[in-house]
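Biologist: Could you take me through one part of this model slowly, as if I were new to protein structure? I would like to see how a single strand sits among its neighbours.

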Amino acid sequence: MEVGRVVAVDGAAGPGSGYVVAPHLVLTSAHVTGGAGTAVRVFRPGQDRVYGGRVAWAGTPNGRDDAALVVIDDPAWQGPAAPVRWGRTVTYRPNLGAQTWGRPQLVQRPGQATEWLQPSGTINPGDRYAGDRYVLALAAHPPAPTADGSSPWGGLSGAALFCEDLLAGVMAVDPAGRAHAHLEAVPAYVLHRDPGFRAVLAEHTGQEQAVLEPIEFQHLAEHADPATTTVAGTSSPAALLRARRQVVPFSGREHLLKDLHAWAERPGFGAHLIHAGGGHGKTRLAQQLAGQLAASGWAVLWLSARAREAGLAVVKDAAAPLLVVADYAESRTDQLAALLEACARHGGGTPVKLLLLARTAGPWWTALQASCPAAEALLDGAPVTQLTPLEPDPASRREAYRRAATAFATALTLTPGTSGQPWQELAAALPPPAAGRAGLDNALTLHMTALADLLDTAAPAPGSSPQPDTASPDRAEEAGPVEDRLLTHEKRYWTAAAVAHGLHPAPPPTRPLPGTLTDALAAALTLGASSRAEAEALLRRVPGLESADRDRIDGICAWIAAVYPPAAGAVWGALEPDRLAERWWGRRIQTDPGLADHLVAGADPKQAARLLTVYARATAHPVFDGGLGEELTGVCVRHRQALAEPAIQVATQVETPGPLLAALDRLIDDPAAGVEELQRWSNRLPHSSQALAGWAARLSECLAGHYRSSGDLPGLAGSLNNQAVRLGGLGRREEALEAITEATGLYRALADAHPDAFLPDLAGSLNNQAVQLADLGRREEALEAITEALTIRRTLADIHPDAFLPHLAGSLNNQAVHLGGLGRYEEALEAITEATGLYRALADAHPDAFLPDLAMSLNNQAVHLGGLGRYEEALEAITEALTIRRTLADIHPDAFLPDLAMSLNNQAVHLGGLGRYEEALEAITEALTIRRTLADARPAVHQTELEQSLQVLAWLQSLSDEDGAAN
């Protein structure tokens with residue numbers, strides 16, 4: 001809560017309080033102001049100046065929506081540039097801290113200046129739930145009643161109720177019967193339901209939609225950038241391009257938006273991945289969906305990359321429909337795994353949806369799905385959508401360009417420091433781009449072009465001018481100049497800010513920034529810093545600042561933070577959009593290739609990963625023509641201690657990992673890389689990765705060679721086991737079998753000598769050997785291997801059941817598969833029946849972890865029973881599996897709907913085998929409904945299953961027709 005926003009309001013009904021929510025807009029109480037159009041007066045604490053205003057929107061005085069919005073039309077008024085952040089409770093967690101600030105009657109004294117009070121206390125979301133009120137239980141002793149019987153809290157009406165940083169409501173009433181110890185407020189969610197309220201708010205904030213942030217989750221939230229930064233009378237041009245600013249109205253993607261609404265409306269948990277290259281509109285699409293869902297009562301959490309994994313557990317308590325948006329999902333798999341574990345503990349009473357935004361759906365996505373049981377279950381079957389170009393029709397780009405230019409002109413008119421230009425006239429005079437101009441199918445490129453043309457018209461950069469009709473049709477040439485043109489305007493902003501902070505002697509644009517300041521800015525915005533000490537250490541690695549005095553370092557820190565204000569937990573913000581940051585970094589490296597070497601020394605893993613991400617993406621910019629790739633590879637090789645492990649991580653996340661993979665290849669061949677370092681790299685590998693698959697196989701081979709030469713048999717066995725998995729993933733099955741066979745032999749010898757230590761490893765390698773043998777069609781040998789693994793695991797489970805019963809059940813399931821493949825159905829049934837019994841016991845003790853496994857084994861048991869003609873027992877097993885899967889699908893539909901359809905399909909088969917055709921047709925019809933929906937979303941994955949169910953339907957209809965004819 002900011003004291004500079006607190007105001008007093010004198011309205012038609014008397015004194016009240018208020019809070020400035022936008023530069024010229026005050027939130028207060030309707031029973032203070034009166035109706036729309038009524039004149040009011042406003043003044044600030046401790047100031048004599050009174051400002052005039054009028055009511056732009058008013059709810060019902062003393063009603064459910066007792067609030068008002070006042071527009072201050074006094075030309076002398078100066079309000080804060082940034083609008084406030086709104087919030088709402090989304091759980092029933094009690095004792096949420098809250099405060100308000102206003103001018104209640106109890107502190108006023110005759111003949112003295114207006115006095116103020118800052119009451120605080122707690123709210124319980126369940127209090128006055130049905131009446132749409134928040135009840136503030138005051139922490140201080142309640143005031144005594146007044147002599148005339150009026151409320152001592154009179155005058156506080158209209159004050160804002162804050163929970164930490166979020167405006168949660170408007171103070172409305174001192175309820176009777178509470179001895180003045182409680183106050184009631186109108187919740188912000190009530191006000192945001194009103195279209196009139198939202199329209200006035202949008203008019204004065206420039207935001208198309210205001211989202212209510214979850215109060216209990218605000219420590220997890222990535223805050224939107226609500227206003228353009230202003231320093232020394234200038235503003236950041238790039239800030240207007242940030243998707244969260246919503247400067248350009250949303251258009252297009254209507255079909256996808258409709259699909260996302262349908263996805264959100266399904267009950268329980270759901271995840272959806274949307275991926276595309278930079279600038280295709282992922283974040284803007286998510287913003288539109290979030291705003292629409294928020295308007296219909298949903299809570300929205302934009303998950304911060306800095307949110308601690310331990311703090312994510314609170315998500316399980318969500319009691320309102322919740323949308324969680326995770327941007328840059330490819331760079332935060334550990335955090336997302338923790339979030340999914342919290343979602344798995346959610347009861348499913350309200351929908352919880354996770355929208356993931358990423359540049360690719362590559363190895364990181366596979367790794368996330370395999371990261372933990374919760375991720376594996378919840379992400380199974382999650383829809384994945386790749387965005388296509390937003391403006392594929394050349395003719396439509398001209399209109400999109402015009403809309404963007406008009407929107408930017410409006411924003412520049414309202415932005416301090418740029419409001420002196422006739423922006424609307426300049427925008428109207430801009431010639432639209434040629435219909436066939438390359439590159440403008442990308443939304444960001446089109447918006448950048450409109451903004452750059454507008455800015456160049458007002459203040460041409462040296463050597464640049466808007467040239468929309470004469471630009472080269474070649475996309476590589478077009479994509480380059482527009483970023484560089486915008487960076488020219490951004491540099492003017494940096495220079496003006498440096499002058500204002502006393503870091504640069506000449507007024508802009510007489511002299512450009514010195515290289516030291518430019519490199520300091522590059523270091524800060526590319527690597528970042530999470531503490532003041534980390535920031536100072538980074539700046540002292542910039543050439544020319546190694547011996548700078550503390551005042552200069554402090555001044556540079558303050559300058560960068562003023563230019564790009566930080567979010568919580570950081571020292572500086574960021575240059576956005578990403579393409580500008582990537583282009584600028586590439587230009588700096590072109591100028592000084594050695595800059596990265598200076599900055600890497602002493603960088604922590606997060607800084608190193610950020611550097612490699614920006615650097616790798618910069619190498620892909622066509623303007624550099626691949627010239628940065630070798631520089632990036634060289635930096636990684638020269639600084640392997642700092643960059644090897646981050647390079648493994650980043651290679652799975654960026655679209656163009658070539659330079660990183662080249663570096664990793666060189667590092668394997670480096671004689672200085674010892675076995676401990678190689679093993680550390682191996683431990684960092686994801687379970688599965690297409691990008692790293694070849695390198696991972698080389699690494700395991702190299703490690704095996706080291707362990708073989710040193711005589712380290714356990715290390716050799718482990719490396720060979722890993723090598724077999726990696727080779728199998730590459731389709732090199734004969735080599736994989738050779739490696740796993742040697743690993744199994746080594747583990748057998750080790751287990752003979754030290755059974756307690758190595759029997760589990762022997763069982764694991766036998767399991768992998770069975771997989772490789774089966775893949776080569778050697779089923780008898782595969783059965784022999786899995787049977788030996790099963791014998792070992794049975795012994796281990798007898799001794800340590802908690803640790804090894806799940807492994808035993810898994811091996812029994814695998815044995816049943818191999819037995820069934822050999823036609824030994826009775827033995828297969830025996831194995832799967834035992835596995836089912838084990839999973840039943842495990843699920844009784846740990847249902848969240850093992851109910852899906854129990855359903856799977858029951859499904860398999862039904863298949864084997866049906867294969868033996870024991871249809872009644874098969875029906876009993878599949879019905880139990882179906883009951884479990886229906887419950888799981890109700891809570892987590894995206895994860896378990898495919899399994900539910902499978903069990904329905906199998907139930908229909910067994911019912912048909914028993915001649916119960918009507919019930920069978922009902923089951924297969926439900927299965928088809930689910931599988932059609934799944935196949936529409938992901939045909940490559942689910943089309944075959946749909947066709948199988950259609951075949952079952954045809955079979956059942958033929959049987960039913962035959963039965964009817966016979967009768």
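Modeller: Let's start with strand E19 (residues 322–326), which pairs with E20 in the parallel sense over five bridges. Strands pair if DSSP finds at least two bridges between them; strands (E, at least two residues) and helices (H or I, at least four) are DSSP runs, numbered from the N terminus. Within this pairing, Lys 353 of E20 has Leu 323 standing opposite. To get from E19 to E20, the chain passes through helix H6 (residues 333–344), and this β-α-β crossover is right-handed: with the strands pointing away from the viewer, the path from the first strand over the helix to the second runs clockwise.

A word on what you are looking at: this is a predicted model, where local features need pLDDT of at least 70, side-chain atom pairs count only at pLDDT 80 or more, and totals for chains, interfaces and linings use all residues. Residues are numbered from 1 along each chain as its sequence is written, and side-chain values use heavy atoms, leaving out hydrogens and water.

Now for another partner of E20: strand E17 (residues 269–275) runs parallel to E20 and is joined to it by seven bridges. Here Ile 274 has Leu 357 of E20 as its bridge partner.

How covered is E20 itself? Strand E20 (residues 352–358) is mostly covered, with seven of its seven residues buried, meaning under 20% relative accessible area (exposed is over 50%, partly exposed in between; 1.4 Å probe, protein chains only). Val 352, Leu 354, Leu 356 and Ala 358 point one way, while Lys 353, Leu 355 and Leu 357 point the other way, and all are buried.
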